[in-house]
Amino acid sequence: MEETKLIAGAPVELVDPHSTEPPTDAHRVGFPIVGIGASAGGLAAFEAFFSTMPADNDPGMAFVLVQHLARDHKSILSELIRRYTRMEVFEVEHGMVVKPNCAYIIPPNRDMALVNGALQLLESTVTRGIRLPIDFFFRSLAQDQHERAICIVLSGTGSDGTLGLRAVKGEGGMVMVQLPESAEYDGMPRNAIATGVVDFVLAANDMPAQLLAYVSHAFVASPLTIATQTPQSADALDAIFRLLRSQTGHDFSQYKRNTMIRRVERRMAVHQIDRLEHYVRYLQITRSEVDALFRDLLIGVTNFFRDAEIFDEIQKKVIPQLFAGKAGGEAIRVWVPGCSTGEEAYSLAILLRERMEEMKENFKVQIFATDIDKDAIESARAGIYPASIIADVSPERLAHFFDQENPDGTAYRIHKTIRDMLIFSEHSLIKDPPFSKLDLISCRNLLIYMGSAQQKKLIPLFHYGLKPGGMLVLGSSESVGDFTTLFDSIDRTAKIYQRKVDDLGPNLKGIARLLPHQGTEIVRQPGVGAANILRSESKLPLQEIIERTLLGYYAPVGALVNERGDILYLLGRTGRYLEPTPGEASLNIFRMAREGLRGDLTIALHRAVSLQMTTRHTGLRVKHEASITLVNLTVVPVPANSEDAAQRGLFLVVIEEQLNADPKLAAEPAVDRGQGADGMIPDLNEYIIRLKQELRSKDEYLQTAVEELETSNEELRSAHEEMQSVNEEMQSTNEELETSKEELQSVNEELSTVNNELQAKVLDLSRSNNDMKNLLSGTGIGTIFVDHHLRILRFTPTVAALISLIETDVGRPVYQIRSNLNGYDQLATDIRTVLGNLIPMELELQTNSGEWYLLRIRPYRTLENVIEGAVITFTEISLLKKAQAALKHSETLRRLAVVVHDSRDAILVLDMTGRILAWNPGAKRIYGWSEDEALKMNLRDLTALGEREHAFAAILQHCQSHTLEPLRMNRIAKDGTTVPISIVASALVNDAGETYAIATTSRRATS
């Protein structure tokens, strides 16, 4: 989360939006609080929303409006809302307590959180990058108000609000999103809808009516109390469980009752259904609602590195343990049940990858991430997440383990090196077999939604799946409970456990009351003292030691089986009565029973299953090698108070050897062939009795077999009828497929035609693009195309001389690019101005190397006259600038020429030898020579012979002396007369400071 600090008042302990601690009611208000988030285009959406609120009634709720604002931008939202509502409207101040029938507006350059029913303002220290004020507020709203939280996402770009609305839904709140087609900018609404947890998608002006209806059913009316209603309501809730199980295949009856009730009540409020029986009926006729309820039950608040302090402990205490004692290339197996959309699984993968990079070794890491939510698994497999994950992922990890999915930065994709470490699959923690040989199981915040009985089943399941010494991480409100004999606690706060390495196997739930404790090995050895019979590394109470010792001496041989005879557990030495059969290995007790036991065992178990009562057969003669053993057989249905066994249909088969049995009963009767009938042994009558007993047993066995055969025949007839029905359906389906095939052929032909047309259009478009590219490049005009966010879409090569652009700069904001323009850094500001007022702008700019360019900024208009950005062009005007300068210089000279031409004085320009370079009409009037004649003369030609040597030198000296006093000289006119003149001379100097000519101004001297 971006760093924030309080800007006023005493420090306040903020509620962690990721916390899973049970909610407290101390700060919960008695009315719903509605958080509304918007970005670009939000003003129009806010106006549409509040303009349709009832004007004659108070809504009975509070509204908190969060909008993306520039840091120095003064919001006009407060004034806008006041026009359309009777509620009081406030711009939030720090610590302001939220009250009903009021609207609160976030001030600029602030983040805001709801803590204990009061709004806390925070100043963001982030000076660059994406700010997520909507996500930040929604998360705090969910944690503070739970099911009374309501959030609404309106028009805007990006994905702000996506993670926050998941938090609101996870706490049982309601989520409403603006219909994308009605929003000016549909980025935020579409990202919100993509989460799959939105309750209502409506236009902004349709939202108030639906919001008031929901609140009136969920909060204003008497709250539903399913848990305390009549037995009929309990039956209705059970009916909901059956509907869910029938349609989704998942049983929610073992989940916490209160959690189920809250989610059902929320769905009833969404549809404004008052009675549970009516909702059951609605589920029966609306299959989509069953799916919606199923999704609501699965919603969990998840994000990357959730509970950062817990992940710090995992990184320190768990991750190194997984690599301890392993060589490079060995396998590390991790299971993340209930992974939802995959953030936590990817977080663990990142920690493992960082550890491998730190060790500079590679391991075969397999992370099994499972969930029963198919949509969540598909989302996790894609590995694409909104830009708002920057609130949870550090910039270093974001750059190292994520790639930007879109050029505009609205989504990130997990890097392939991380994605390849994970295997996502649909898997039910309750009904599917667990993974095994695992180094780590991370099951955080899943057990809290399940009942205690179900939790007691899952902890031994985790114990079974882990290797000895494997690690288990649970949520902050979860623990291993009474199973401390299976796990050692590594960190009680972070709920990190390690599987004990000195146990003798998994705890078999449901038979613990019937069999010896798993932590103790009991061996029956005649002649061995009691001290040697009990071998256990753990210290046990004396009473338990005595009980187990007695059980070791006197317990009968037994087996725990299911109704099909599959053996689940063996007690005592069963080798005299059970033996494996040749061929394929099997643990079925019927196949393993020795001669003399199988028939009675089949009858006894069949009776126990069908009558659910104890069945006993005595005096069975079981043959073992060359001896016969007399045994008593008892089959006992496992009592219902053995939680797991009763549901699975388990039966305890007990085999007891008859003590003090007459050895004669175990022997076969002998007949002396030489004595005839009179020589039969005296015990022949007893032998006949046993034969009759065996015959009756055979009859009963045959009767049982006949009954089973009849049952099987009935099932086969039923299956045959079903198969006939299926066959008819398949024939009908086949005909439909034939029809569909013909339709598809027709569609394929149409698509082929359309494809050809599209190919032609693609060629035309490609040709047009080539023409446009050559046109733009050939004009020599530098051009840049930008969108509304000033991101560069396209540019021509010419512009690279002015702004340092390369191909990879496409997608970057133009204000991040360094320019070569001298003294001009307002390009971004000027573009925004043009996009704001749609008035083109032109500026003349000079580069650092001296070239001149004409900058034009114009709105980019589509054929539909929609503004989609701006076009910036740079046209070189250096030659034009030079021509303008020359023209200006020429104009200056022209004006000077007029002065010289019209002056009454004689104005001459002489070179440094005295040659005449310029001669004005005033000189002609005074001296008589024309201009053409004078330009062929030297100043000496105008001077008397005696003065020629020093006359020009005097003029040069006059120029250097800078005196203002004119010289007096005599000149010889064309007619030979002497003309006295007063003369003023001025040196003409070039840019180098060198005198290249002399300008003289003379007039007739007066005495």
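Colour the model by secondary structure to begin: this predicted model contains 27 helices and 38 strands. Keep the whole protein on screen for a moment. There are 1007 residues, and 43% of them count as buried. If you draw the contacts with a separation of 6 or more, 63% of them come from residues 24 or more positions apart. Switch on the accessible surface as well: the total is about 53200 Å², and carbon and sulfur atoms hold 52% of that.

**Stop one: salt bridges**

Now hide the surface and show the charged side chains. Side chains of opposite charge can pair when their charged atoms come close. How many salt bridges does the structure hold? The count is 32, and three of them make good stops on this tour.

Select D58 and R86. Their closest N and O atoms are 3.2 Å apart, and the two form a salt bridge. D58 sits in the loop between α1 (42–51) and β3 (62–67), while R86 sits in the loop between α2 (77–82) and β4 (88–91), so this pair ties together parts that are 28 residues apart in sequence. Both ends can be checked for accessibility: D58 is partly exposed, at 46% relative accessibility, and R86 is partly exposed too, at 47%.

Move on to K169 and D199, another salt bridge, with 3.2 Å between the closest N and O atoms. Here K169 belongs to helix α4 (residues 162–170) and D199 to the loop between α5 (187–193) and β11 (200–202), so the pair ties together parts that are 30 residues apart in sequence. Are these two residues buried or exposed? Both K169 and D199 are buried. Before you leave, add R267 and E289 to the selection: together with K169 and D199, they are linked in a network of salt bridges.

The next selection is R413 with E405. This salt bridge has its closest N and O atoms 2.9 Å apart. R413 is partly exposed, with a relative accessible area of 32%, and E405 is partly exposed at 31%.

**Stop two: a patch of negative charge**

Bring the surface back and select E707, E708, E710, E714 and E715. These residues gather in a patch of negative charge on the surface. For a closer look, pick E708, which is found in helix α22 (residues 684–778). Its relative accessible area is 35%, so E708 counts as partly exposed.

**Stop three: backbone angles in two loops**

For the last stop, show the backbone and have your dihedral readout ready. Most residues other than glycine have a negative phi. Which residue in the loop between α12 (343–359) and β13 (364–371) should you click? Go to K360, which is placed in that loop. Although K360 is not a glycine, its phi is positive, at about 55°. K360 also counts as exposed, because its relative accessibility is 76% and the cut-off for exposed is over 50%.

Finish at N865, in the loop between β32 (852–861) and β33 (867–876). What is the phi of N865? The value is near 65°, which is positive in a residue other than glycine.

Terms used: Residues numbered from 1 in each chain as written. Predicted model: local features only at pLDDT ≥ 70, side-chain atom pairs only at ≥ 80, totals over all residues. Heavy atoms only, no water. Patch = residues over 30% accessible without salt bridge, like charges linked within 9 Å, V, L, I, M, F, W, Y side chains within 5 Å. Areas by Shrake-Rupley, 256 points an atom, 1.4 Å probe, with all protein chains shown as cover. Salt bridge = Lys/Arg side-chain N within 4 Å of Asp/Glu carboxyl O. Lys, Arg positive; Asp, Glu negative; His and termini not counted. Charge placed at Lys NZ, Arg CZ, Asp CG, Glu CD. Helix = DSSP H or I, 4+ residues; strand = E, 2+ residues; numbered from the N terminus. Buried < 20%, exposed > 50% of the residue type's maximum accessible area, 1.4 Å probe, protein only. Contact = heavy atoms within 4.5 Å.
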